[in-house]
Amino acid sequence: MSASDDRFHDECGVCAVAGHVDAANLVYLGLYALQHRGQESAGIAVAGDGELSHHKGMGHVAEVFDRERLGRLAGASAVGHVRYSTAGSSTLVNAQPVVAATHRGRLALAHNGNLVNALRLRRRLEADGAIFQSTSDSEVFLHLIARSRAVTLEAALLESLDAAVGAYSLAVLCDGRLFAARDPHGFRPLVLGRLDGAWVVASETCALDLLGAALVREVAPGEVVELAGVAPRVLRPGRPGPFAHCVFEHVYFARPDSLVFGEDVTAVRAGFGRRLAEEHPTDADVVVPVPDSGVPAALGYAGRAGLPFAFGLVRNHYVGRTFIEPRQAIRHFGVKVKLNPARSVVEHRRLVLVDDSIVRGTTSRKIVAMLRAAGAREVHLRISSPPTTGPCFYGIDTPERAELIAASKSVEEIREFTGADSLGFLSEAGMLACLATPPENFCTACFSGRYRVLDEES
């Protein structure tokens, strides 16, 4: 990820294991691999001996769990979650998995995504007597399942999914049984893996890699499966496209070593960079990435432009989430704590500075000023995605439209604000042309304003 707080925040990460004696430990490692998808809270729930135990807390995975806590989570099936608040505030009560005792058994649920009709469903459930413990829309699923009059757990789960509108990649653990589900539009990724006869479900393939699990396939959009036996039991098959895969997974969110929506993220981002060089060439001496997420695109740009690539910005990897900027008078040190120019690389040179996106523009402005202070002759800012003009309603924590600089300023006005000598954004058509998946299967709402799913009754 880039070093800036001035950007979209990752949504959530889900990992679950069924049929392994070390289920909780495996999920713990899987969450480690998915830490980039949420840094506010982490949790694991485990089913064993007819009981369901769980632990969750605020902070990174390593801060929430230690050997003793993991040792108390015994059982053959487990579900885990890392969270960044997209719906509901950042408090322990909103940490996941959400857990409750129901007439169907103890139930734990982990959710990546956002329901656009969550408020309407919540009001209906509260009118029927449901008592919510959190402000997270994920708890809506729990109440829908618990209050369903369907005879079987499977039918109750399907009924709850039918009521939900929006983005969801789910892992549900109930009565020792593990289920996985994905919304019909496939907004968020979800994959299945196999390890020593056990099943693994995770938001990204990088979690499977860490566990040594073999990738079996994606959970198809609209599919609902129970993970048990030699093959997943399909409760509902996947649905045909077009889908609405979040293109920002490829731009920024997913880890570069993952396969997302069937494509290698690093290769896609390098392709973005090559296309960016074609659309916005410039006379320069060296291509410099904003680390870390700008690196693959910068490499692609440099290769296509025939320019050298160099790390002209050095990132401090030891700035934790708890870093507090000092008093207002010296707040400008915030970015410098995280990034510092390599003067020997940038001094007296014309730079192509490559980043993945611009949100408010304040961090880009500080970085450009920092490079000029280090002696850069010119700074040509290149962004490997289109201008971000709208918020996301499908599981990304985005600023309000008024806070997005591209929603109110032209490219030239943004260039002037950042202080760059020139500014170029990758076009939407160019971005989609770099992907093997058909363009109609991607959601580009934050760039285009074309929202695939809205709650028509709200």
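# A walk through two sheets and their helices

Start by selecting residues 350-355, which make up strand β20, together with β17: the two strands pair in the parallel sense over four bridges. Two strands count as paired here if DSSP finds at least two bridges between them. Strands are DSSP runs of E with at least two residues, helices are runs of H or I with at least four, and both are numbered from the N terminus.

A word on what is on your screen: this is a predicted model, in which local features need pLDDT of at least 70 and side-chain atom pairs count only at pLDDT 80 or more, while totals for chains, interfaces and linings use all residues. Residues are numbered from 1 along each chain as its sequence is written, and side-chain values use heavy atoms, with hydrogens and water left out.

## Stop one: the parallel sheet

Stay with the opening pair and click on P289. Which residue of β20 stands opposite P289? The partner is V354.

Now widen the selection. β17 and β20 belong to an open sheet of four strands, in the order β17-β20-β21-β22, with parallel pairing. At its edges you will find β17 (286-289) and β22 (422-425), each of which pairs on one side only. Turn the view along the sheet to follow the twist, which averages 25° from one strand to the next. Next, add residues 362-373: this is helix α13, which packs on the sheet and touches β20 and β21 (378-383). The direction of α13 makes about 150° with that of β21. Angles like these run from 0 to 180 degrees between N-to-C directions, along lines fitted to C-alpha atoms, for helices over the stretch in contact; contact means heavy atoms within 4.5 Å.

## Stop two: L313

Select L313, found in strand β18 (residues 313-315). Is L313 buried or exposed? L313 is buried, because its relative accessible area is 2%. (Buried means under 20% relative accessible area, exposed over 50% and partly exposed in between, with a 1.4 Å probe and protein chains only.)

Show what surrounds the side chain. Leaving out residues up to four places away in sequence, L313 touches V288, P289, V290, P291, L339, N340, P341, L353, I367 and L371. You have already met P289, the residue opposite V354. For a distance check, draw a line from the C-alpha of L313 to that of K366: the two residues are 13 Å apart in space and 53 residues apart in sequence.

## Stop three: the antiparallel sheet

Time to move to the other sheet. Six strands form this open sheet, in the order β5-β6-β7-β8-β12-β13, and the pairing is antiparallel. The edge strands, each pairing on one side only, are β5 (98-102) and β13 (233-236). Ignoring direction, neighbouring strands of the sheet are turned by 20° against each other on average.

Colour residues 177-182 to bring out strand β8. How many of its six residues are buried? Five are, so-called "mostly covered" being a fair description of this strand.

From β8, look to either partner:

- On one side is β7 (residues 169-174), running antiparallel to β8 and joined to it by six bridges. V172 stands opposite F179 here. The hairpin of β7 and β8 has two residues between the strands, and D175 takes a positive phi near 55°.
- There is also β12 (residues 224-226), which pairs with β8 in the antiparallel sense over three bridges. Look for A180 opposite V225.

Carry on from β12 to β13: these strands run antiparallel and are joined by three bridges. V224 stands opposite R236 in β13.

## Stop four: helices across the sheet

Add residues 153-163 to the view. This is helix α6, lying across β7, β8, β12 and β13 and running at about 25° to β8.

Then add helix α5. Which strands does α5 lie across? They are β5, β6 (105-112) and β7, and α5 runs at about 145° to β6.

Finish inside α5 (residues 138-147) by selecting H143. H143 counts as buried because its relative accessibility is 9%. Apart from neighbours within four places in sequence, H143 is in contact with L125, A130, I131 and F132. Show those side chains to see the surroundings of H143.
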